[in-house]
Amino acid sequence: MGIMKFEAEVISKHIIKPASPTPDHLRHYQFSFLDQISPPVYNPLLLFYEFNAKTQPNITEISNHLKTSLAKVLSLYYPLAGRFKENQHVDCNDNGVPYLEAQVNCKLSDVLNNPIPGELNRLMPFELDDVANKYPLGVQLNVFQCGGFAIAQCLTHKLADGLSYFTFSKTWAATARGEPKIAQPQFISATLFPPKNLSGYDARTGITRNKVTKRFVFSAINIEELRKVQADEASARPSRVEALSSFILSRFVEATKDIGSAEKFYRVVHAVNLRPRFEPPLPHHSFGNLYRVAMTAPLQISSGEPYHGIREEISKIDNKYVRKLQKGDEHLSSIKTYAKSFAKGEQVTISFSSYCRFPLYDNDFGWGRPTWVGSPALTFKNLVNFMDTREGGGIEAYVSLEEEVMSKFESDVELLAYMSSSAVLNQATYESLLQQGSGNEALGSIVVRYPEPASRCSSRYDRDAFLIKHWRGRANPQSRDEAARSMARFHQDAIEMLSSLNTGEVAPIHKVGARLPGRWRDSIKMPSRCFPH
C-alpha cells in the first residue's frame with residue numbers, strides 16, 4: 001500500500017488562557033531534578049474521531065467546546081499555561097496555550113487505512129524537537145474532508161512523563177463531558193526530587209533527525225505465541241510488553257550485526273513508572289517526570305538470540321532505588337558518564353517505552369471514544385514506543401531507527417511472520433467493504449484483513465444490527481441468539497486459522513480459502529479472491 005500524502009493547512013490560531021487566574025503563591029513552578037534531566041522535546045498524542053451526524057454537532061461547535069473546556073482544565077494544570085525560565089522553573093503567568101485549527105485535504109479513512117508516523121507530524125501544532133519553544137503545551141484541531149477530526153496535543157517532556165500527559169488529556173475530556181468529580185493533579189515532584197546543579201550535563205543528547213519511524217502492529221494472538229515461546233526459554237512467563245520487547249530486540253540485533261564493529265556491546269533501556277514504587281504509592285494523578293529507566297550493563301548479544309533479562313532489570317527499580325534517587329548525586333554522575341559514552345558511539349543502545357494500559361482510549365470529549373489513538377514520528381533513534389490497539393490485547397509498536405537499519409529491520413522474515421495488518425478498522429472502511437459485495441462477503445473480507453478487530457467488531461458497532469443484517473445467506477439464523485452463536489463460531493475458526501498462517505495481510509489470501517473449516521465455508525460467502533482457482 002502506498003504512502004498517503006496529505007497537507008494540513010492552518011486556518012486559525014488562538015491563545016487559550018485559564019478560565020480563572022492562577023493565585024500569586026502558585027506563580028513559580030519549580031522543576032524537579034527529574035524534570036531537569038528530561039529531554040527538551042514534546043510528547044505527542046493524536047486522537048482520531050470519525051464523523052457521526054447523529055451524535056456530533058458541527059465542527060464550529062466542537063471547536064468552541066474544546067476551547068472552553070481547555071480553559072477550564074488549564075486552571076487545574078496551571079503550569080501548562082505559563083512559560084519556561086531556562087531549565088529551572090515555569091513562570092505560571094497565564095499567558096496561555098496555542099490552539100490551532102487546520103483543514104486536511106483528505107478523508108480520515110485515507111489516513112487510517114495506512115497510518116504513516118512521519119506524515120502524521122503534519123497534524124501536530126509544534127515540531128516535536130523544537131528545543132527553543134517556550135510553550136509547555138500546544139493543541140491543534142485537524143478537520144478532514146469527511147467531517148472526521150483529529151485532536152493533536154504536544155506536551156513538553158520537561159514537565160511531564162507519559163502518564164502525566166495522558167492523565168491531563170483524560171481530565172480535559174472529563175471536563176468537556178461535564179463530569180462532576182475531577183481528580184486534582186498533585187504537583188509534588190520538586191518536593192520529592194529537589195533540583196540540582198546540572199553543569200556538564202546536556203539533556204539534548206540523542207535528539208536527532210537522522211532516523212525514520214515506522215509503525216508495526218502485533219495482534220493479541222501473535223503476542224500470546226511469543227509469550228509461549230519465550231516462557232519455554234525463560235524462567236518465568238513474560239508479560240506482553242516483555243515478550244514483544246525481547247522479540248524486537250532480537251530483530252534489532254539481527255538488523256545491526258553487519259553495521260559498524262563486529263564486536264558490539266548493546267544496552268537495553270526500559271522506562272519505568274516510579275509512582276507505584278514509593279511507600280506508600282503515589283496516586284496516578286501525581287504530575288511530573290516521575291519515571292526512570294532500567295538499564296542493562298553492556299551486553300554482547302548473538303544474532304537471533306533472545307534476551308530475557310528485562311524483567312530482572314525492571315525489578316531493580318524498587319523503593320530502595322527511589323530513596324537513593326532522591327539524593328540525586330550518584331544518579332547524576334552515572335547519567336553524565338552514560339551520555340558521554342552515547343555521544344562517542346561506544347555502545348549501541350535501544351530504548352523501550354510502554355504506554356500499554358494507559359488511559360489512551362478514555363479520551364471521550366462528549367462524542368464517543370476515539371476511533372484510533374496514534375503517534376507521529378519519534379524524536380530519538382533506536383527508540384520503541386508501545387501502545388495498545390483499540391480492541392485491546394494487541395500492541396502497536398512505533399520503532400525509530402536510522403534508515404539503513406530500518407531497511408533491514410522492516411524486511412526481517414521473522415518480524416514479518418508475527419506482524420498484522422497496519423490498517424485501522426474503521427466505519428468508513430467497513431462501509432466501503434459493504435459496497436463491494438454482500439454483507440457476508442464484507443464480513444469475510446474484514447476477518448481476513450483485520451483478524452483481531454474482527455473478533456471483537458460486534459462490540460465496536462451496533463451488535464444487534466451487525467449480527468442480524470450481515471449474518472445472512474445460507475447460514476440463515478432464526479434469532480439474535482442463534483446469529484450470535486454462529487458468528488462466535490465463525491470468529492473462533494477464522495482467528496485460529498489465520499493464527500496458524502501467522503498473517504493478517506491480504507497478500508497470501510488464496511491460502512485462506514483453501515483452509516477454511518468446512519462447517520462455515522459452506523455457510524459463508526467469502527470473497528472470491530479467498531479461494532484458489
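Student: What percentage of the 533 residues of the protein chain counts as buried?

Tutor: The share is 55%, where buried means under 20% relative accessible area, exposed over 50% and partly exposed in between (1.4 Å probe, protein chains only). Please keep in mind that this is a predicted model, in which local features need pLDDT of at least 70 and side-chain atom pairs count only at pLDDT 80 or more, while totals for chains, interfaces and linings use all residues. Residues are numbered from 1 along each chain as its sequence is written, and side-chain values use heavy atoms, with hydrogens and water left out.

Student: Why is K54 called exposed?

Tutor: K54 has a relative accessible area of 81%, and the cut-off for exposed is over 50%, so the label applies. You will find K54 in the loop between β3 (42-49) and α2. K54 and W367 are 313 residues apart in sequence, while their C-alpha atoms are 9.8 Å apart in space.

Student: What makes K381 count as partly exposed?

Tutor: K381 has 28% relative accessibility, which puts it in the partly exposed class. The loop that holds K381 runs between β13 (372-374) and β14 (383-388). From the C-alpha of K381 to that of I207 is 7.8 Å, with their positions 174 residues apart along the chain.

Student: And why is F287 called buried?

Tutor: F287 has a relative accessible area of 2%, and buried requires a value under 20%, so F287 qualifies. F287 sits in the loop between β10 and β11. Beyond its neighbours within four places in sequence, F287 is in contact (heavy atoms within 4.5 Å) with residues including Y29, Y77, L159, A160 and F187. F287 and A160 are 127 residues apart along the chain, with 6.6 Å between their C-alpha atoms.

Student: What share of the contacts in the protein chain with a separation of 6 or more comes from residues 24 or more positions apart?

Tutor: That share is 78%. The secondary structure of the chain comes to 20 helices and 15 strands, meaning DSSP runs numbered from the N terminus: H or I of at least four residues for helices, E of at least two for strands.

Student: How do you know what span is expected of helix α7 (residues 220-233)?

Tutor: The expected span is 1.5 Å times one less than the number of residues. With 14 residues, α7 is expected to span 20 Å, and its first and last C-alpha atoms are 20 Å apart, so the two values are close. The helix α8 passes the same check, since its 17 residues reach 24 Å and the expected value is 24 Å.

Student: Why can the buried residues of α7 be said to line one face of the helix?

Tutor: Those residues are N222, I223, L226, R227 and Q230. Seen down the axis of α7, they fall within an arc of 145°, which is why they line one face; the arc is that of the directions from the helix axis to the C-beta atoms. An α-helix has 3.6 residues a turn, so residues three or four places apart point the same way. Among the elements that cover the buried residues of α7 are β9 (212-218), α8 (240-256) and β15 (395-401).

Student: What makes α7 and α8 roughly perpendicular?

Tutor: Their axes are 9 Å apart and make an angle of about 80°; axes here are lines fitted to C-alpha atoms, for helices over the stretch in contact, with angles from 0 to 180 degrees between N-to-C directions. Angles under 35 degrees count as roughly parallel, over 145 as roughly antiparallel, 65 to 115 as roughly perpendicular and the rest as oblique. The pair is therefore roughly perpendicular. Their contact is made by I223, L226, R227 and Q230 of α7 together with R240, E242, A243, L244, S246 and F247 of α8. For α8, 16 of its 17 residues are buried, so it is mostly covered.

Student: Why is α2 called oblique to α5?

Tutor: The axes of α2 (residues 59-76) and α5 (residues 162-177) come within 9 Å and cross at roughly 120°. That angle makes α2 oblique to α5. Residues making the contact include H65, L66 and V73 of α2 and F168, W172 and A176 of α5.

Student: Which residue is joined to P280 by a cis peptide bond?

Tutor: It is E279, and omega is about -5°. P280 belongs to the loop between β10 (266-273) and β11 (291-295).
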